[in-house]
Amino acid sequence: MKITFIGHAGVELQSEKHAVLIDPWITGNPVAKHKPTDFKPNAIILSHGHSDHIGDSIAIAKSSNSPIIAIYELALYCHSKGAKVEGMNMGGPREYDFGKVMLTPAFHSSSLDGQYLGMPCGIVVTMKDGKKIYHAGDTALFSDMALIGRQGLELACLPIGSNYTMDPAAAFEAIQLLKPKYVLPMHYNTFPLISQNAQEFKKRVESHTGSKVLILNPGESTEI
Ligand code: NI
Ligand code: MN
C-alpha cells in the first residue's frame with residue numbers, strides 16, 4: 001500500500017485499485033506541495049469539521065465525483081455545499097467498494113463558523129488488500145485506544161503537535177495502546193505553535209516499542 005503525506009493531517013492511502021483521501025487540506029496549508037487537482041480518490045473521509053481538516057474536500061469530491069464519508073452532521077454540511085456524501089456515526093464498520101470504514105471516538109471539538117458539525121472522530125479504514133489504518137484525527141490521549149489497537153493495525157497516523165492535540169509524549173503512550181506496525185506522525189510543523197522534533201520522537205518510539213515511525217515531509221510517499 002502507498003501512503004502519501006499531504007501535510008498537516010492530510011493523508012492519501014492507495015491500494016492496487018483504490019485511493020482514499022483523509023482530511024485533505026491543501027489550499028492555504030503553508031506546507032502542502034500538492035494541488036487539489038492532483039487527487040482522484042474513490043472517497044474522501046473526514047475526521048471532523050475544523051477548516052484545517054475539511055480543507056479542499058468539497059472541491060475534490062466534486063471534481064472526482066467521489067463521496068465524502070463523515071459523521072452525520074458533517075456529512076449534511078458537506079451535502080449542503082453540493083458534495084456527494086455518505087453519513088455515518090461512531091460504531092461498527094460500513095463496507096464500501098475500496099474497503100471498510102469505521103468511525104471511532106476522538107477527544108476534541110468540531111464546528112465551523114459557529115455551526116456544530118457532530119462529534120469529532122478517528123477513522124479506521126480497512127483497505128480491500130486487508131491492511132488496517134487508524135487515522136486518529138485531532139485528539140487527546142484516551143485509554144480506549146487500546147480497544148482500537150486490538151483490531152490489529154498496520155499503520156496509525158497520530159497527531160504530535162500539542163496545543164490542539166496530543167504531544168509527542170502522549171503519542172508515545174498512544175502507541176503503547178495501539179501497537180501499530182507503523183506510525184505516521186502528523187499535525188505538527190504546519191505553523192510555529194505546533195512545532196515538534198519528529199526525529200526525537202522516532203528515536204524514542206523505536207527504542208522503546210515495536211513500532212516503526214515513518215517521517216514523511218509534505219508531498220512525500222512511502223510503501224508499507
Ligand atoms: Ni481540529
Ligand atoms: Mn486540526
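Lys181 has a relative accessibility of 47%, so this residue counts as partly exposed. The model is predicted. In the model, the side chain of Lys181 meets that of Glu154 in a salt bridge, with N and O 3.7 Å apart. Lys181 sits in the loop between helix 5 (168-178) and strand 14 (182-186), while Glu154 sits in the loop between helix 4 (145-149) and strand 13 (155-159), so the pair ties together parts 27 residues apart in sequence. The partner is buried: Glu154 has a relative accessible area of 15%. The bridge therefore joins a partly exposed lysine to a buried glutamate.

Side chains of opposite charge can pair when their charged atoms come close. How many salt bridges does the count give? The count comes to four. Another of them links Arg94 and Glu86, at 2.7 Å from N to O. Both residues are partly exposed: Arg94 has 33% relative accessibility, and Glu86 has 25%. Lys35 and Asp38 form a further bridge, and their closest N and O atoms lie 3.7 Å apart. Is Lys35 buried or exposed? Lys35 is exposed, at 51% relative accessibility. Asp38 is partly exposed, with 41% relative accessible area.

Glu154 also serves as one end of a distance check. Its C-alpha lies 30 Å from that of Ala59, and the two residues are 95 apart in sequence. Ala59 belongs to helix 2 (residues 57-64). At 45% relative accessibility, Ala59 is partly exposed.

Next, helix 5, which precedes the Lys181 loop. Which of its residues are buried? They are Pro168, Ala170, Ala171, Phe172, Ala174, Ile175 and Leu178. These buried residues pack against several elements: strand 12 (132-135), helix 4, strand 13, strand 14 and helix 6.

The contact with helix 6 (198-208) can be followed residue by residue. On the helix 5 side are Pro168, Ala169, Ala171, Phe172 and Ile175. They meet Phe201, Arg204, Val205 and His208 of helix 6. Among the helix 5 residues in this contact, Phe172 and Ile175 are also on the buried list. The two axes are 11 Å apart, at an angle of about 25 degrees. Angles under 35 degrees count as roughly parallel, and helix 5 and helix 6 are therefore roughly parallel to each other. Their crossing is right-handed.

Just after helix 5 comes Lys179, with a positive phi near 50 degrees. Most residues other than glycine have a negative phi. Lys179 lies in the loop between helix 5 and strand 14. With a relative accessible area of 63%, Lys179 is exposed.

Asp23 is another residue other than glycine with a positive phi, here near 45 degrees. Where does Asp23 lie? Its place is the loop between strand 3 (19-22) and strand 4 (43-45). Its surroundings contrast with those of Lys179: Asp23 is buried, with a relative accessible area of 0%, whereas Lys179 is exposed.

The last stop is the metal site. Which residues coordinate the manganese ion (ligand 2)? Its donors come from Asp52 (OD), His53 (NE2), Asp138 (OD) and His187 (NE2), at 2.1 to 2.2 Å. Along the chain, these donors follow the spacing D-H-x84-D-x48-H. The two histidines link distant parts of the chain: His53 is in helix 1 (residues 51-54), His187 is in the loop between strand 14 and helix 6, and 134 residues separate them. Both are buried. His53 has 0% relative accessibility, and His187 has 1%.

A nickel ion (ligand 1) lies 3.2 Å from the manganese ion (ligand 2). Asp138 coordinates both ions. The manganese site also brings the path back to strand 14. The loop that holds His187 runs from strand 14 to helix 6, and the loop that holds Lys181 runs from helix 5 to strand 14. Helix 5 and helix 6 are the pair whose axes pack 11 Å apart.

Key. Residues are numbered from 1 along each chain as its sequence is written. Chains are lettered from A and ligands numbered from 1 in the order in which they are written. This is a predicted model: local features need pLDDT of at least 70, side-chain atom pairs count only at pLDDT 80 or more; totals for chains, interfaces and linings use all residues. Side-chain values use heavy atoms; hydrogens and water are left out. Buried means under 20% relative accessible area, exposed over 50%, partly exposed in between (1.4 Å probe, protein chains only). Helices (H or I, at least four residues) and strands (E, at least two) are DSSP runs, numbered from the N terminus. Donors are N, O and S atoms within 2.8 Å of the metal (3.2 Å for Na, K and Ca); water is not among the atoms, so sites may look incomplete. Axes are lines fitted to C-alpha atoms, for helices over the stretch in contact, and angles run from 0 to 180 degrees between N-to-C directions. Angles under 35 degrees count as roughly parallel, over 145 as roughly antiparallel, 65 to 115 as roughly perpendicular and the rest as oblique. A crossing is left-handed if the near helix is turned anticlockwise from the far one by less than a right angle, and right-handed if clockwise. Contact means heavy atoms within 4.5 Å.
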